[in-house]
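Trainee: Before we look at any one feature, could you take me through how a model of this kind should be read?

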Amino acid sequence: MGLLLPYVLTQQVPKQLSKQLQRPVALAEVKINPFTLEVGLKGFAINEKDDQAFVGFNALNLNIQFWDSLFQQGLSLTDITLDRPHVKVKRVQSEQPLRFNFSDILETLAQNGNADPAPEPETGEAIPHFILHNLAIVDANLQLIDEITQGEVSYPKVNLKVASFDSHNPIAETQIDSQNGDKVNRYHMEFHSAHGGKIALTGQVQLTPFDLIGEISLTHIDLPQLWPFVDEYFDVSLDQGYVDFATHYRVSLVDDKLEASATQGEFSFNALRLTHEQQPLITLGRLALVNINADLASQSLEVDALQSEDLTVNARLDDKGIDLAMLLTPKSSGDSPSPASAPKSSDEQASADKPDTEAPLAEAEAGAPSWHAKLSQIALSNYQLNLTEQLFKDENHWQIEQFELTTGPVDESLSQPIDYQLALVINQQAKLQSQGQVNALAKTVSTQVALSDLGLNWFQSYLAPYVNIKVDGGRLSSQGTLTADASGQMNYQGALQVDELQVKDTMANKTLVKWQQLDVNQLIFDRQENSLAIDQVTLSKPYGRIVINEDRTTNFQDLLVASNEPDQESMKDTPADDTAQAAKPMALSVNKVLFKDGSTFFADNSLTPNFAASIEQLEGNIANLSSGSDKAAGVDIKGKIDRYAPVTLKGEINPLLELPYLDLDLSFKHVELTSVNPYSGTYAGYYIDKGLMSLDLKYQLENNQLVGDNHLVVDQLQLGKKSDSSLATSLPVTLAIALLQDRHGVIDLGLQVSGDLNEPDFSFGSIIATAITNVITKAVTAPFSLLAELLGSDDELDKVAFEPGQAQLPEESQSLLTKLSKGLAERPKLTVSAKGAVDLTRDSQALMTAQLHQALITEAKIEETALPVDLTASTFPTKGVLSDALKSLYEKTLLRDPDEILKEINQRNTEQEVSQEELQTRWHIALYNYLVSAQQLADDALGQLAQQRALAVKQYLIEDAKVDAGRVFVLDSQAALDTSAPQALLTLSAQ
């Protein structure tokens with residue numbers, strides 16, 4: 001038997017199996033020891049029809065325990081070893097949707113089974129008793145190959161160890177039971193991947209009733225090896241990544257009911273890397289579910305935490321959408337639409353659009369159990385999104401990084417609000433923090449929001465198609481409370497700041513608007529009410545640029561980019577209710593707007609030559625501005641033209657009404673008339689050499705009807721050369737001005753203005769023309785001065801002019817006093833009194849300049865005669881001892897490095913090339929002007945100057961003009977300082 005049976009088996013088994021399976025079958029050797037009952041098989045294989053390997057093993061050895069089988073009343077085997085078995089499973093190319101390399105075997109067996117059907121097993125038949133000792137599968141090789149996708153998974157080393165197995169052994173429920181090793185069916189199996197991963201299963205099994213308990217772990221399972229199975233459905237490639245999984249599990253049959261549970265589970269994806277066209281698309285450090293517990297009987301799933309970190313996503317957004325959506329959406333398996341995706345009829349679509357309420361109701365009525373799921377926490381950290389966006393012409397690059405999100409518990413019912421904390425950084429600068437609650441059922445969110453340093457220039461590409469501006473700076477910050485819901489309602493209460501904003505007019509390449517800071521201390525926005533309420537807006541160092549073009553349009557009209565006319569057809573299709581809703585204006589209210597240290601630039605290029613002026617040191621407020629109230633807002637603003645001439649604006653205004661309303665008083669005091677030369681040259685035909693202007697404007701606008709009552713005072717007006725303006729009046733302007741000036745050199749005009757702003761030909765130019773006509777009319781009716789009549793002269797003899805900062809009589813003043821002395825000689829009973837006067841601006845400036853020159857002489861250690869006579873800011877030497885003295889004096893006086901001024905000048909001139917000589921000149925001008933402004937005059941300096949001027953007049957009249965000393969008096973010029981002009985005022989009295 002030990003020789004014959006192995007020979008017969010070796011010869012017949014391959015033949016019979018090959019006949020049954022229609023496959024090549026091999027069996028190299030069979031050994032049977034009739035004395036020890038040892039059985040061995042070698043070289044067994046079932047191959048493919050083309051003789052490629054399918055399944056087989058190198059050797060199978062076992063030992064039948066005859067006496068133990070009798071004693072145990074069951075089959076007892078020992079030392080069962082399956083050596084190097086191999087299985088190669090392949091999905092093959094076929095017209096059938098799913099066909100494997102073993103499908104033909106199943107079909108052959110099915111045909112053979114139909115010809116001779118086996119008797120059905122009796123139900124409830126007990127599992128035969130068998131005992132196994134030292135069962136082992138050694139170095140098995142498992143290969144799974146997909147010839148369609150070219151995917152392959154290989155486990156070249158699979159091992160199984162079972163020390164003892166008895167079909168009657170129960171599960172060891174306790175540690176004491178577990179210590180009795182012979183009574184417990186333990187197993188340990190490992191799958192070692194060709195890519196380094198490992199699958200391990202350890203546990204124990206009970207066959208009757210079935211009960212399986214143990215642990216399973218997947219360690220470092222390589223994911224790219226699985227990607228070829230689905231690669232054809234995606235345009236991305238999985239280049240890296242692995243998965244880990246471990247859990248305790250139990251599967252059992254209780255009363256023919258399957259029960260299963262898993263505890264202490266851990267599942268994670270690690271080191272994922274998705275690429276597209278060899279460029280990184282998504283990288284993920286880790287995504288893990290921690291402490292997973294699931295139970296089929298109670299239908300519960302609980303997870304302690306979803307943790308993830310180090311996610312980086314690179315995406316692109318354009319008018320076609322975001323590329324990630326297209327790249328990660330599986331491709332269709334065929335070009336022809338499936339029935340499910342075929343277009344539906346209108347009835348089918350209407351039916352499909354109806355909510356399916358019957359199925360949930362039926363399930364509820366049947367009392368079907370539902371699963372309970374709970375996730376205790378979500379924790380995401382160090383996420384990053386790199387988004388390249390091109391919805392318009394230019395690309396925008398957005399980087400959202402340091403994304404951190406944590407949440408509270410989340411369950412399947414979503415019945416409780418979810419607490420969360422969120423933090424992220426935008427473009428390495430802006431920070432957003434949010435903490436609050438999300439109610440998924442109610443679809444609401446309530447959160448505290450803190451945003452800081454959001455760069456407004458990042459939104460330039462969104463503005464460019466609509467307005468001709470460039471946002472060069474600006475950082476938006478806000479802190480507040482936000483509530484919102486899915487219906488679109490939103491409420492925000494908080495504060496807002498915009499720092500260092502600078503907006504450039506790209507048409508003129510000039511700054512249009514800027515400010516150091518805009519601070520909104522409190523705002524309330526309610527979308528449902530369509531309202532915005534602001535408590536106080538504070539503007540620090542605001543600046544605006546207003547320009548009238550040659551065609552009399554403004555620079556603000558040039559800002560809008562020309563667009564096509566609205567589509568009339570689309571407007572016809574818009575429902576009336578929607579149009580009304582869209583047209584509903586927002587209710588806006590502002591309690592107060594404060595201005596601090598503001599400035600504005602105004603230019604009128606419609607004049608020849610062009611006119612330009614700056615208003616600086618703007619301070620004031622606008623109070624109670626509201627679009628929902630007929631009450632006007634109060635305005636109180638003041639400033640200075642060219643740093644010295646005061647400007648005030650007071651009154652009421654409400655530009656938010658449908659028909660704007662204003663009642664404003666605008667006042668300019670002591671404005672240098674030389675600054676308005678373009679207006680005088682254009683309309684009066686003469687330029688102005690000197691003079692001061694005070695202007696009071698009172699305007700009322702109601703129902704688009706403008707009414708103005710203006711008051712103009714011109715002091716010490718002196719005309720210069722004629723202009724060649726075609727708009728100049730032909731009336732005798734010089735005569736009119738001479739006649740209009742009273743004995744104090746003042747011209748006083750009143751101007752009434754009215755007009756309809758709705759009229760297309762309304763223009764302020766007509767107001768200016770009317771003003772000139774009024775000037776001439778009043779001039780011809782003005783009387784001569786009494787003193788001019790007395791002396792038979794047109795000279796203003798009651799004012800003796802001095803150069804600013806000087807008490808020495810100029811030649812013109814000496815000549816005037818000589819004429820006066822002749823009149824006094826003819827009128828012996830007249831006496832003359834002199835009182836000195838000053839001009840606060842010009843005399844102060846001249847004294848400060850003289851004081852600076854003296855300081856420069858001292859600093860440079862030079863003689864006073866060595867100082868240039870005509871030394872000014874523009875003629876100041878840019879090298880030498882005076883240059884060095886200027887820099888040294890600047891540093892000592894202002895405690896600043898003069899090189900900082902040079903750097904600022906360089907930065908302002910980056911757009912145009914400036915020579916080194918010009919740069920040095922501008923630098924010295926700036927240093928000179930700063931030092932002049934920094935000079936501190938004595939409190940009585942102007943009073944002493946006025947008194948010295950009065951004494952100079954008296955001295956000339958007595959010593960040079962030979963007027964009797966008893967007829968010339970000097971009044972106290974210091975007690976009540978006259979600030980009318982740099983002059984001495986003369987009054988005549990009877991002796």
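**Reading the model, feature by feature**

Mentor: Let us begin with a single residue: N101 is buried, with a relative accessible area of 4%. Please keep in mind throughout that this is a predicted model.

Trainee: Where does N101 lie, and which residues does N101 touch?

Mentor: N101 lies in the loop that runs between β6 (86-91) and α3 (103-115). Leaving aside residues up to four places away in sequence, N101 touches R23, E48, F54, K88, V89, K90 and V92. Because the cut-off for buried is under 20% relative accessible area, the 4% of N101 puts this loop residue in the buried class.

Trainee: How many helices and strands does the protein have, and what share of its residues count as buried?

Mentor: The protein has 20 helices and 40 strands, and of its 991 residues 37% count as buried. About 57,200 Å² is exposed by the protein, with carbon and sulfur atoms supplying 54% of that area. Among contacts between residues at least 6 apart in sequence, 59% join residues that are at least 24 apart.

Trainee: What is the mean pLDDT of the protein, and where is the pLDDT below 50?

Mentor: The mean pLDDT is 82, and 81% of the residues reach 70 or more. Over residues 567-572, however, the pLDDT is below 50, and this stretch has one contact in the model beyond near neighbours in sequence. Residues 760-769 also have a pLDDT below 50, and that stretch has 12 contacts beyond near neighbours in sequence. Where pLDDT is low, the predicted coordinates should not be read in detail.

Trainee: Turning to helices, how should I read α1, and where does α1 bend?

Mentor: The general idea is that an α-helix has 3.6 residues a turn, so residues three or four places apart point the same way. Helix α1 (residues 4-21) has 18 residues and reaches 26 Å from its first C-alpha to its last, close to the 26 Å expected at 1.5 Å a residue. At Q12 the helix α1 bends by about 30°, and a proline, P14, follows within four residues. The buried residues in α1 include P6, T10, P14 and L21. Just after α1, Q22 takes a positive phi of about 60°.

Trainee: How do strands β13 and β14 run, and how many bridges join them?

Mentor: In a regular strand the side chains alternate between the two faces of the sheet. Here, strand β13 (residues 257-276) and strand β14 (residues 279-295) run antiparallel and are joined by 13 bridges, with L272 standing opposite L284 in β14. Their hairpin has two residues between the strands, and in this hairpin E277 takes a positive phi near 55°.

Trainee: How many bridges are there between β14 and β15?

Mentor: β14 and strand β15 (residues 300-318) pair in the antiparallel sense over 12 bridges, and the bridge partner of L287 in β15 is S308. The hairpin of β14 and β15 has four residues between the strands.

Trainee: Which backbone values deserve a second look, and is Q299, which is not a glycine, buried or exposed?

Mentor: Most residues other than glycine have a negative phi, and most peptide bonds are trans. Q299, although not a glycine, has a positive phi of about 50°; this residue sits in the loop between β14 and β15 and is buried, with a relative accessible area of 17%. D51 likewise has a positive phi, near 70°, in a residue other than glycine. D51 is placed in the loop between β3 (38-47) and β4 (53-64), and at 52% relative accessibility D51 counts as exposed. As for the peptide bond, T208 and P209 are joined by a cis peptide bond with omega of about -20°, and P209 has its place in the loop between β10 (198-206) and β11 (211-222).

Trainee: To finish with one more loop residue, where is Q489 found, and what does Q489 touch?

Mentor: Q489 is found in the loop between β24 (469-485) and β25 (490-505), and at 27% relative accessibility Q489 counts as partly exposed. Not counting residues up to four places away in sequence, Q489 touches T483, A484, R527 and Q528. Q489 and T444 are 45 residues apart in sequence, and their C-alpha atoms are 9.5 Å apart in space.

Technical notes:
Residues numbered from 1 in each chain as written. Predicted model: local features only at pLDDT ≥ 70, side-chain atom pairs only at ≥ 80, totals over all residues. Heavy atoms only, no water. Pairing = 2+ DSSP bridges. Buried < 20%, exposed > 50% of the residue type's maximum accessible area, 1.4 Å probe, protein only. Contact = heavy atoms within 4.5 Å. Areas by Shrake-Rupley, 256 points an atom, 1.4 Å probe, with all protein chains shown as cover. Expected span 1.5 Å × (residues − 1). Bend = angle between axes of the 7 residues up to and from the residue. pLDDT = per-residue confidence, 0-100.
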